[in-house]
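Open the structure in your viewer and keep the selection tool at hand, since this tour moves from one selection to the next. At each stop, make the selection before reading on.

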Amino acid sequence: MSQYFDNLETQSADQRAARIATLLTEQIARAQALPGYAETLSGVEAAGVTSIDALASLPVLRKADLSQAQKASAPFGGLTSHGAAGFAHVFQSPGPIYEPGMIGQDWWRMGRFLNACGVGRGDIVQNCFGYHLTPAGMIFENGARAVGAAVLPAGTGQTELQVQAAHDIGVTAYAGTPDYLKVILDKADEMGLPLQITKAAVGGGALFPSLRQEYADRGIACLQCYATADLGNIAYESPAQEGLIVDEGVLVEIVTPGTGDPVAPGEVGEVVVTTLNPDYPLIRFATGDLSAVLEGESPCGRTNLRIKGWMGRADQTTKIKGMFVRPEQVAALVQRHDEIKRARVIASREGEMDVMTVKIEAEGGDPETYAGAVSDVLKLKGKVEIVATGSLPNDGKVIEDLRSYD
């Protein structure tokens, strides 16, 4: 098996930029022909959208927008190149949100990740992602097909049967959430059945270092990916285990939560993804997840952009004094004054009363200068504190809730 899935993983920056320029222009034009994008991409010159930087001028598509579009035009909101009957699968995720699926070559781009995990011909993958309604099971099965591995479609539950099957069949690789593999391994120990699992491809939850080390101590190399039901695989770990490498079939931006504005390199922000999948062109789809760009290239030789992995949720909407404060309101406050670099709303309690404190990064100034803007934009009165530029934590939060709910 090759170290790399294909030569796209090691292309030069110029080669990747040229490829993106062609594919992105085609994708924007393809999306403009779909009824779901008739309004949001109206007037956009597709030929001018040739880079990730150029995407920043386009509107962001949020989960709520997708849900509303699907209610207006079932089941896919007019955002797909085929109707429901034109796809191999139709899935339903909580919401409900409907996702299409195909069985073509690596349609969800999971083969690239499984290849990085060392999974290939001769392997049998115990796929413990769900097969019922939601797409995760089929996403990983499709990836296993792309690398030539066989699949035991296990799903979750019935652990004793899972152990028996893994033992009898000679399963060599696991796909599923990080913690469920431990459940299987512990049950196998209890049953006295040796297993041959040496590789694990995980997602859908946090892979804690201690758990990864426990698997390593058992002789299992465990790597993680970042994927969603709508987009498929977005980024994945390689054996270097230094950040997550962005897949070659998507473009990733990191933006200020509540906006579509790119953050400075290295700053934490919301992950926004544009997929190059011609069947389902999602343009600037906001995942609601936080991450940051990791500078440099991976030691494994893969040259694409890296991100630091999942760092929390971007939707920090918080109710203070009975009123919702949203990230986009904080962004609007920053945009109102050129001298404001960043702002952070902090909710706390004093004497059984909610208190809102707004910390503003600026070079000096009187807090009262911004009190009116705070009240006007956030619709609440609060304390204003001026703090030094660069002093607010780089964690992607623009709203922080310090109240205890115990």
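**Two prolines in loops**

Begin by selecting Pro96, which is found in the loop between strand E1 and strand E2, the latter covering residues 97-101. This is a predicted model, and in it the peptide bond that leads from Gly95 to Pro96 is cis, with omega near -5 degrees.

Now select Pro75, which sits in the loop between helix H3 (63-72) and strand E1 (89-93). Show Ala74 together with Pro75, and look at the peptide bond that joins them, which is cis, with an omega of about -5 degrees.

**A positive phi**

Which loop holds Gln241? Select strand E8 (232-236) and strand E9 (244-246), and you will find Gln241 in the loop between them. Phi of Gln241 is near 55 degrees, and this is a positive value in a residue other than glycine.

**Helix H7 and its two partners**

Next, select helix H6 (residues 159-169) and add H7 to the view: their axes come within 9 Å and cross at roughly 75 degrees. Angles from 65 to 115 degrees count as roughly perpendicular, and H6 and H7 are therefore roughly perpendicular to each other. If you show the side chains, you can look for Thr159, Glu160, Gln162, Val163 and Gln164 in H6, which meet Tyr180, Val183, Ile184, Lys187, Ala188 and Met191 in H7. Sorted by kind, the residues of this contact between H6 and H7 are six nonpolar, three polar and two charged.

Keep helix H7 (residues 180-191) selected and add helix H8 (residues 209-217), which packs with H7 at an angle of about 40 degrees, the two axes lying 11 Å apart. H7 and H8 are therefore oblique to each other, and H7 passes H8 in a left-handed crossing. On the H7 side the contact is made by Leu181, Lys182 and Leu185, while H8 brings Leu211, Glu214 and Tyr215. Four of the residues in the contact of H7 with H8 are nonpolar, two are charged and none is polar.

**Helices H9 and H10**

Move on to helix H9 (residues 327-336) and helix H10 (residues 368-378), which pack at an angle of about 145 degrees with their axes 9 Å apart. Here the crossing in which H9 passes H10 is right-handed. Select Gln329, Val330, Ala332, Leu333 and Arg336 of H9, and then Ala373, Val374, Asp376, Val377 and Leu378 of H10, since these residues make the contact. The contact of H9 with H10 is made up of seven nonpolar residues, one polar residue and two charged ones.

**The two domains**

For the last stop, zoom out and colour the two domains into which the chain is divided, domain 1 (13-313) and domain 2 (318-401). How far apart do the C-alpha centres of domain 1 and domain 2 lie? The separation of these centres is 34 Å. Turn to the place where the domains meet, where eight residues of domain 1 are in contact with eight residues of domain 2. Between them, domain 1 and domain 2 bury about 640 Å², and 55% of this area is on carbon and sulfur atoms.

Notes. Residues are numbered from 1 along each chain as its sequence is written. This is a predicted model: local features need pLDDT of at least 70, side-chain atom pairs count only at pLDDT 80 or more; totals for chains, interfaces and linings use all residues. Side-chain values use heavy atoms; hydrogens and water are left out. Axes are lines fitted to C-alpha atoms, for helices over the stretch in contact, and angles run from 0 to 180 degrees between N-to-C directions. Helices (H or I, at least four residues) and strands (E, at least two) are DSSP runs, numbered from the N terminus. Angles under 35 degrees count as roughly parallel, over 145 as roughly antiparallel, 65 to 115 as roughly perpendicular and the rest as oblique. A crossing is left-handed if the near helix is turned anticlockwise from the far one by less than a right angle, and right-handed if clockwise. Contact means heavy atoms within 4.5 Å. Ala, Val, Leu, Ile, Met, Phe, Trp, Tyr, Cys and Pro count as nonpolar, Asp, Glu, Lys and Arg as charged, and the others, Gly among them, as polar. Domain bounds come from an automatic or database domain assignment. Buried area is the accessible area (1.4 Å probe) that two parts lose on being put together, summed over both.
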